[in-house]
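Visitor: I'd like to look at this one with you and ask how each label is earned. Could you show it to me?

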Amino acid sequence: MIVDMHVVTDLKVLYFGTPVVLIGSRNPDGTGNLAPMSSAWWLGQSCMLGLGNSGQTTANLLRERQCVLNLAPASLVDAVDRLALTTGAPVVPARKAAMGYRYEPDKFAAAGLTEQGAELVAAPRVAQCPIQLECEVDAAYPFGGPDPHATAFQVRVVRAHVAEELLVPGTHYVDPLRWDPLIMKFCEFFGGGENVYPSRLAEGWQMPHAMPQLQA
Ligand SMILES: Cc1cc2nc3c(=O)[nH]c(=O)nc-3n(C[C@H](O)[C@H](O)[C@H](O)COP(=O)(O)O)c2cc1C
């Protein structure tokens, strides 16, 4: 007989752990926007991105149909955390303001990251990110029912830039042993399986978690 170890629970958050992507997109005034996100999955040369409708990136992707997916290594966690609770949207929605979000027109300066031009799309790369994927938006679907509050973007990689030291020499493959992605797990930051940095996003979501070393 199997003893059932499960309990039925009303899970508040389903962020089980996904890599952090810094999406570079172009604002209506031509400046670059940068947004941390982690609802991303990949199939072949395409990727699905889950983005809330109130964000500036969603508006930018619907309008421009282009972006750069800059993959954040665990070593960039402090820069990613500086972007948490910021938006490139000049009008901050009440729900986000209540979580602590503020308008930030210059995300690169706020994060301490360097903007790098892309080659095929009008959206910024992040020089410090060792993997940068230039993408075209192929489709956009309303997401999150019954009243959709988000958009699922289907994007296609049209050019990939990878730091040479991450590649298996002489191949077009990333070496999984050299690539240490920053993982967002239940709003907390992980790298190499360890909880690497305190998370403002987790504070905004009032996650009942404290990093082990920060506990009294
Ligand atoms: C680590 C991390 C992961 C996030 N993941 C997502 C996500 O997958 N989808 C989303 O809509 N917002 C996500 N956010 C919140 C966005 O960054 C936030 O909505 C922000 O306003 C987007 O910036 P923008 O308004 O300039 O586009 C995440 C934030 C952090 C710090």
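Visitor: How do the residues of the shell around the ligand divide into nonpolar, polar and charged?

Guide: There are nine nonpolar, eleven polar and two charged residues in that shell. Here Ala, Val, Leu, Ile, Met, Phe, Trp, Tyr, Cys and Pro count as nonpolar, Asp, Glu, Lys and Arg as charged, and the others, Gly among them, as polar. Keep in mind that this is a predicted model, where local features need pLDDT of at least 70, side-chain atom pairs count only at pLDDT 80 or more, and totals for chains, interfaces and linings use all residues. Residues are numbered from 1 along each chain as its sequence is written, and side-chain values use heavy atoms, with hydrogens and water left out.

Visitor: What makes the link between T57 and the ligand a polar contact?

Guide: A polar contact is a pair of N or O atoms within 3.5 Å. An N or O atom in the T57 side chain is 2.6 Å from a ligand oxygen, so the pair qualifies. The backbone contributes too: a polar backbone atom of G52 is 2.8 Å from an oxygen atom of the ligand, and a backbone N or O atom of Q56 lies 2.9 Å from one.

Visitor: Why is the pair of Y15 and W205 called edge-to-face?

Guide: Rings of Phe, Tyr and Trp (its six-membered ring) pair if their centres lie within 6.5 Å, and planes under 30 degrees apart count as stacked, over 60 as edge-to-face and the rest as tilted. Y15 and W205 have 5.7 Å centre to centre and 75° between the planes, so edge-to-face is the right label.

Visitor: How many residues apart in sequence are the parts that this pair ties together?

Guide: They are 190 residues apart, because Y15 lies in the segment before strand 1 and W205 in the segment after helix 5. Helices (H or I, at least four residues) and strands (E, at least two) are DSSP runs, numbered from the N terminus.

Notes:
Polar contact = N/O pair within 3.5 Å; in protein donor to acceptor, adjacent residues only side chain to side chain.
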